[in-house]
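Work through the following exercises with the sequence and the model at hand. Each task is followed by a solution in steps.

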Amino acid sequence: MRPAPPETSRVAVGIDVGGTFTDLAALHDNGTVHTTKVLSVPADRAHGVLQALTASALPPERLAHIAHGTTVVTNLLLERRGAAVVACATQGFTDVLELRRQERAALYDLSQHHVAPLVLREHIVAVPERIAPDGVITPLTVDAVHTVVAQVLASAAASEAETVAITLLHAYGNPQHEQMLANALREVVAQRKLSLDVVTSHEVLPEIREYERMATTVAEAYARPAVRRYLAGLSQRLAERGYPAPRVMTSAGGTLEAAEASQHAAALALSGPAGGVTGAAAIARALGVNSALTIDIGGTSADVGLIADGEPLVERGGGVAGIPIALPRVLVEAVAAGGGSIAWLDDGGALRAGPESAGASPGPAAYDRGGERATVTDAHVVLGTIAAGAWSGGVHISRERAAAAVARVAAPLNVSIERAAEAIIATADATMARALRRVSVERGVDPRGIPLIAFGGGGPLHACGLAERLGMRTVIVPPHAGVLSAVGLALAPERRERLTSCVTLAADLSDDALAQLLRDGARHLGATGSGALQAQWWIRARYVGQGYELDVPVQPGDAVPAVAQRFIDRHQQRAGFVLDRAVEFISARTTLSSAPWPVHFARPVYEGHLPPDTDDGRAMVRTLHGAAVVRLPDATLRVNPGWRASALEIGGWLLEMT
């Protein structure tokens, strides 16, 4: 290991807890990047964080901050281990979660079924009130509030609920009834010293669409207690060792202090994958690349993203484990095609890879930790693209174990183990290529004209093959490719967000009213005009009558017709057509961000022993022609025939089809 940097340097730390490895990246203010990789501890994710910090040997007093990507919310939703919830809904609308958008989970796939709502129907309390877009129809009376509070407390006692989710009709535009009910509940809870949190939809998601707003609010209530306990426990264990409390990556690509993040659990639903795209965007900007596709191939999954205008593309959220989370999120599509994805034959004898993964325990057969089923990693070991021997994270690769596992797949196919290994990799590549097409082509982006940024432990191995499938001619393998998600976490700015409902025709909104709407959003988040925090704004717009919106950037002072034209141009790029209809503004999104950690990518420092053939693209400035395999400190780069790889000055490699 190289000598540690000078003791005077300050360090930003990012820790990415994956299904197989926990990665740490330490970015020193003098440009040094120090990385550590340890095996994850699935039963105790926080322990993996502490292990990585211990292995890094970084003095706690030198840390400027620790940024953490977490899968706590995702796992809660997948495993249904969240808190019991009592919900309040407008009378006559208590079945919104059951009705959803349509009866079928997939319109043309009768085998698919909706997941059950996160709150049982018998624990949804009807509230006798009604607000319409143009005013109050049925007032919420004091007597009605007392009755609802009593019903909520009785239901909470019977179900041992920890949270109450209040979602009343049209509260995004007029929250007075939600506020009235929430204040009464909180007052009674405080008087009786109950452990019952109250969550309101106008605070979680002040936007149209009753189903998505209620589902997101209930998801917040469902996840918040566990998130609060996890972050409090992690913060305490870090404090006991002298470390600062962590910042937590949100789905939208910024970070929040742990205390604030614990009050925005639903915003952490896609916390883990956002760091990788954030790191890839920093690399793209450093290289002057404006648009790119990204792929992060880890041990359990492959995460695909899109960089537009030098930043990760942020969209209105989609579903997590079948539950709509309609908050802004960095676009990431995950598919089960990681290095640990298990190869198997279906009932028709066809080869599959995933979704089941070997994970960290027992891991691929090649790890020699008890795994016996062939994985994508084992296929690479058989073909020699992953070398046998010692690797970072305490892993020792055994070709014999890998070959024995792949042989079990090859036998029923009546092929050699090498041919079976090639087929396993091709199967995984096909799954990932489909995800790359969905992220790009379905958004009006031609992948043939932009580079692919490939990272994660498996990204550089599959990059050329994936690029060929999409007709792409350029691949970027960044420095610290195997831990780039952790780098992105360390770089990510602290960021707060606010959504403000503004359902109105663009033609009916004045320039001054638009500017005031934007300034009010920034003021609510705490903007002072000092310049220490940077405000950014987007308007979510659509054609009248459409069922979806597009976000367009905007600034105070922009003319409303110019913003409307910006939407029309983006609609043309995204959908390929424009409509002769009026443009409608739905909501304004405001972010307030600190400056990101400065990017130097100067001297890389790696934990542990590195074999002499290891190269990060700087050890020797050179050009390679495929076919070639380059062992990186935390990954392996495969250069296919017909490709040329050139070392980048910032580290990493630029691959071009010749």
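**Exercise 1. Strand pairing and helix packing in one sheet**

Task: How many bridges join strand E28 to strand E30, and in which sense do the two strands run? Then place the pair in its sheet and find the helices that pack there.

Solution. The model is a predicted one.

Step 1. Strand E28 (residues 534-543) and strand E30 (residues 583-593) are joined by 10 bridges and run antiparallel. In this pairing, Trp537 has Thr590 of E30 opposite it.

Step 2. The open sheet that holds them is formed by 4 strands, in the order E27-E30-E28-E29, with antiparallel pairing. Strand E27 (495-505) and strand E29 (550-554) are at the edges; each has a single partner strand, so one side of each lacks a neighbour in the sheet. On average, and with direction ignored, neighbouring strands here are turned by 25 degrees against each other.

Step 3. Helix H15 (residues 511-525) lies across E27, E28, E29 and E30 and runs at about 35 degrees to E30. Helix H16 (residues 560-575) also packs on the sheet, where it touches E28, E29 and E30. The direction of H16 makes about 140 degrees with that of E29.

**Exercise 2. The aromatic pair**

Task: How many aromatic pairs does a search of the whole structure find? Classify what is found.

Solution.

Step 1. The search gives 1 aromatic pair. Its members are Tyr543 and Phe567.

Step 2. A pair of aromatic rings is described by the distance of the centres and the angle of the planes. For Tyr543 and Phe567 these are 5.1 Å centre to centre and 70 degrees between the planes.

Step 3. Planes over 60 degrees apart count as edge-to-face, so the pair of Tyr543 and Phe567 is edge-to-face.

Step 4. Tyr543 is in strand E28 and Phe567 in helix H16, 24 residues apart, and the pair thus links distant parts of the chain.

**Exercise 3. Two helix pairs**

Task: At what angle do H10 and H11 pack, and at what angle do H12 and H13 pack? Describe each crossing and the residues that make the contact.

Solution.

Step 1. Two packed helices are described by the angle between their axes and the distance between the axes.

Step 2. Helix H10 (residues 376-383) packs with helix H11 (residues 399-413) at an angle of about 115 degrees, the axes being 8 Å apart. H10 is therefore roughly perpendicular to H11. The crossing is left-handed.

Step 3. On the H10 side the contact is made by Asp378, Ala379, Val381 and Val382, and on the H11 side by Arg399, Ala402, Ala403, Ala405 and Val406. By class these residues are 7 nonpolar, no polar and 2 charged.

Step 4. For helix H12 (residues 417-440) and helix H13 (residues 459-470) the angle is about 55 degrees, and the axes are 9 Å apart. The two helices are therefore oblique to each other. H12 and H13 cross in the right-handed sense.

Step 5. H12 contributes Ile425, Ala426, Asp429, Ala430, Met432, Ala433, Leu436 and Arg437, which meet His462, Leu466, Arg469 and Leu470 of H13. This contact has 8 nonpolar, 1 polar and 3 charged residues.

**Exercise 4. A parallel sheet**

Task: What is the strand order in the open sheet with parallel pairing, and how many strands does it have?

Solution.

Step 1. The sheet has 4 strands in the order E6-E5-E9-E10.

Step 2. Its edges are strand E6 (124-127) and strand E10 (197-200), each with a single partner strand, so one side of each is without a neighbour in the sheet. The average turn between neighbouring strands is 20 degrees, direction ignored.

Step 3. Strand E9 (residues 163-167) pairs with E10 over 4 bridges in the parallel sense. Ala165 stands opposite Val199 in E10.

**Exercise 5. Backbone exceptions**

Task: Which residues does the cis peptide bond in or next to strand E22 join, and where does Arg100 lie?

Solution.

Step 1. Most residues other than glycine have a negative phi, and most peptide bonds are trans.

Step 2. Gly354 and Pro355 are joined by a cis peptide bond with omega about 5 degrees. Pro355 lies in strand E22 (residues 351-357).

Step 3. Arg100, a residue other than glycine, has a positive phi near 55 degrees. Arg100 lies in the loop between helix H3 (96-99) and E6.

Terms used:
Residues are numbered from 1 along each chain as its sequence is written. This is a predicted model: local features need pLDDT of at least 70, side-chain atom pairs count only at pLDDT 80 or more; totals for chains, interfaces and linings use all residues. Side-chain values use heavy atoms; hydrogens and water are left out. Axes are lines fitted to C-alpha atoms, for helices over the stretch in contact, and angles run from 0 to 180 degrees between N-to-C directions. Angles under 35 degrees count as roughly parallel, over 145 as roughly antiparallel, 65 to 115 as roughly perpendicular and the rest as oblique. A crossing is left-handed if the near helix is turned anticlockwise from the far one by less than a right angle, and right-handed if clockwise. Contact means heavy atoms within 4.5 Å. Ala, Val, Leu, Ile, Met, Phe, Trp, Tyr, Cys and Pro count as nonpolar, Asp, Glu, Lys and Arg as charged, and the others, Gly among them, as polar. Two strands pair if DSSP finds at least two bridges between them. Rings of Phe, Tyr and Trp (its six-membered ring) pair if their centres lie within 6.5 Å; planes under 30 degrees apart count as stacked, over 60 as edge-to-face and the rest as tilted.
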